[in-house]
Amino acid sequence: MNDQTMIPYRELDAEARNYVDPERVIALAKRRRSAAAAVAVVPVVLAGLVGAVVVLGPGAAHTPSVPAGEGARPSAATEAGALRPPGRSTALPAGPVGRAAYAYTPCRDACDGVFVVLTDGRQFVLPAPADGGPPVHSITMSRDGRWLGYQSHGRYMVRSLTDVRVHAVKSAATDAVFPVAWSSDSGRLLLQRTDSDTNAAYTVLEVGSGLATQLTAPAGTKAFGILPDGTVLFRNENSTGPVVAWSTSAGQTVTIDVTAQLDGESVRSVNLAPDNQSVYVVAARSVEGQDSRELTAVIHADFTGKVLGRYEIPKMDLENQFCDVLGPTADGFALSCRNGSGSMTTLLAVSAAGPQPGIKISAQDWPNHPELAEIVIPG
Amino acid sequence: MHRRHQYDEFRGFAAARGPALSRVAFMLTGDHQAAEDLLQEALVKTAVRWHRVQSGGDPEAYVRKVMVNQLRSWLRRRRYAEIPLDAVADRQGGTDVAHQTALRVTLARALASLPPRQRAVLFLRYYEDLTESATAEQLGCSVGTVKRHAHDALATLRRAGPGLLESLKPSEVWP
């Protein structure tokens, strides 16, 4: 499109009003400052956090223990699973601190920080560059909670939370690095080195040794999982049909058909289960009149194509509910669901035992757009 | 720096540059409410760090950068309404002001329907006149991604209203 035809676009700025209210901005800034400086007044919600850990535990063999650590305190609000702000904003210190249970940012645009919650309930904020915290989408934790990854000053840092090891993954200047998946044994992290959908390049980091291996996805595919032996799984990035197929970096191909399990839905995503022998297929239905899809069910199928279960995603009494995929848990699947009226984000675990609500980030404790909160779970 | 003095300086900055920053916010969102939210959040962040921002020498550039960064973080969080293809009213004849206004409103709605990253690319490439490389650097992505987002955004605008961009008359004051 030539420059001349973009003139109408540029002139749209004449439609703008003046949105600035300095007094309101200053009032909000003062409140944010005082909140950050407050000394531990609000207790951590122990039961809510423990509930989340139990729901999200990455497997019996790797489930972090949940001791009543020194940073965890009981709270009157535990029954609701409400996640409250930490009493004070403490930066994540260097060195061993303990395993991570999950991470979150409680409102729009990192809300002055991405918080990492340890299995004992203590919360720490990740180091923030001048223009805001690291993108929450760049945060990752190993399934056992021992490793934490995040973007920092153009590099991707993967640090141990239980000892002093730190790995830095560099990339070309125009590339971004984002986590894709951990192996179920927490030994390998699969990273995507560019956010371009074409020619996706990946790095497999062995966190024990620090050894990094580069690989490129076959044309038209994207990686979605990694096995403990380092084998990477690729699938057609645009495929939404009922026949789910993927290939591996070891040359294997797998095809499963979930046609009988779909009810007018399309396949939204495929996620490797922690047993490394099955996948969770997320089904979605188009929302009439909107460029969006509503997640409706999670189908569990093994590599032979045998369907192990279809789990419905329930309505949670949220107005205009909209759910995002978080990933597999020990026995099912986790979602982050929010309402469209701007008051809440709720973690939802779906398994054969039925849906289980986890932590809840609501306007009661987080007034600044809690429906835009983000939660990251291990793995 | 004394806190009251700090906010006095910030207040002056916000009042003076408010209209210009509002235009940026609207171009990044295409929606008045979203623009207000975006700009307010960026200004709050600026106010909290005013001393450091001011010492950087260009607070306005800082606020603009924060707004663009915020768009990136909204990437996965928003739902987008489709724009009805009949939203562009048939021309009843002439190029009167009302018709031009209606077309601009339609263009703004189409802009608001784009995913945040596409809006950010349009803004940086066609409003800020950055090169593809500079746009990619600001957004932390590859040049190929910038090209793809620009292509997709313009395709969406064309679908929303065939000839929409071309049908608007250039302003007489545009250089």
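A residue counts as buried when its relative accessible area is under 20%. By that cut-off A:Y104 is buried, because its relative accessible area is 0%. The model described here is predicted.

A:Y104 takes part in a wider pattern of ring contacts. A search over all chains of the structure finds 10 aromatic pairs. One of them joins A:Y102 and A:Y104. Their ring centres lie 6.3 Å apart, and the planes meet at 45 degrees, so the pair counts as tilted. A:Y102 is likewise buried, with a relative accessible area of 0%. Ring pairs also bring in A:F115, and A:Y102, A:Y104 and A:F115 are linked into a cluster.

A further aromatic pair is formed by A:F224 and A:W246. Here the centres are 5.9 Å apart, with 80 degrees between the planes. This geometry is edge-to-face. The pair links distant parts of the chain, with the two positions 22 residues apart in numbering. A:F224 belongs to strand 12 (residues 221–226) of chain A, and A:W246 to strand 14 (residues 243–248) of chain A. A:F224 has 13% relative accessibility and counts as buried. A:W246, at 3%, counts as buried too.

In chain B, a charge is placed over a ring. The charged end of B:R125 sits over the ring of B:Y126. The distance to the ring centre is 5.4 Å.

Nonpolar cores were examined next. The largest nonpolar core has 57 residues. The residues with the most contacts inside this core are A:Y9, B:F10, B:L39, B:L43, B:M67, B:L122 and B:F123. Helix 1 (residues 3–29) of chain B gives the largest share, 10 residues. Domain 1 (3–73) and domain 2 (85–167) of chain B both contribute residues, so the core lies between them. Another core, of 18 residues, lies apart from the largest one. Among its members are A:F224, A:V267, A:V279 and A:A283. A:F224 thus appears both in this core and in the edge-to-face pair with A:W246.

Helix 7 (residues 132–139) of chain B has a set of buried positions. B:T135, B:A136 and B:L139 are buried in this helix. They lie on the same side of helix 7 of chain B, because they cover an arc of only 100 degrees around the axis. Just after helix 7 of chain B comes B:G140, with a positive phi of about 70 degrees.

Chain A contains an open sheet of four strands. The order is 4-5-6-7, and the pairing is antiparallel. Strand 4 (140–141) and strand 7 (166–169) of chain A stand at the edges. Each has a single partner strand, so one side of each is left without a neighbour in the sheet. Within the sheet, strand 5 (residues 147–152) of chain A is joined to strand 6 (residues 155–160) of chain A by six bridges. These two strands run antiparallel. A:Q151 stands opposite A:Y156 in strand 6 of chain A.

Antiparallel pairing also occurs further along chain A. Strand 22 (residues 344–351) and strand 23 (residues 354–362) of chain A are joined by seven bridges and run antiparallel. The two strands form a hairpin, with two residues between them. A:A349 has A:Q356 as its bridge partner in strand 23 of chain A.

Several loop residues of chain A are buried. A:S186 is placed in the loop between strand 8 (178–182) and strand 9 of chain A. Its relative accessible area is 4%, so A:S186 is buried. A:S186 is not a glycine, yet its phi is positive, at about 65 degrees. A:N276 lies in the loop between strand 16 (266–272) and strand 17 (278–286) of chain A. The phi of A:N276 is near 60 degrees, again a positive value in a residue other than glycine. At 17% relative accessibility, A:N276 counts as buried. A:A200 occupies the loop between strand 9 (188–192) and strand 10 (201–206) of chain A. A:A200 is buried, with a relative accessible area of 2%. The C-alpha atoms of A:A200 and A:L215 are separated by 8.9 Å, and the two residues are 15 residues apart along the chain.

Note on methods
Residues numbered from 1 in each chain as written. Chains lettered and ligands numbered in written order. Predicted model: local features only at pLDDT ≥ 70, side-chain atom pairs only at ≥ 80, totals over all residues. Heavy atoms only, no water. Pairing = 2+ DSSP bridges. Buried < 20%, exposed > 50% of the residue type's maximum accessible area, 1.4 Å probe, protein only. Phe/Tyr/Trp six-rings, centres within 6.5 Å; stacked < 30°, edge-to-face > 60°. Lys NZ or Arg CZ within 6 Å of the ring centre and 35° of its normal. Core = buried A, V, L, I, M, F, W, Y, C linked by side-chain atoms within 4.5 Å. Domains from an automatic or database assignment. Arc of directions from axis to C-beta.
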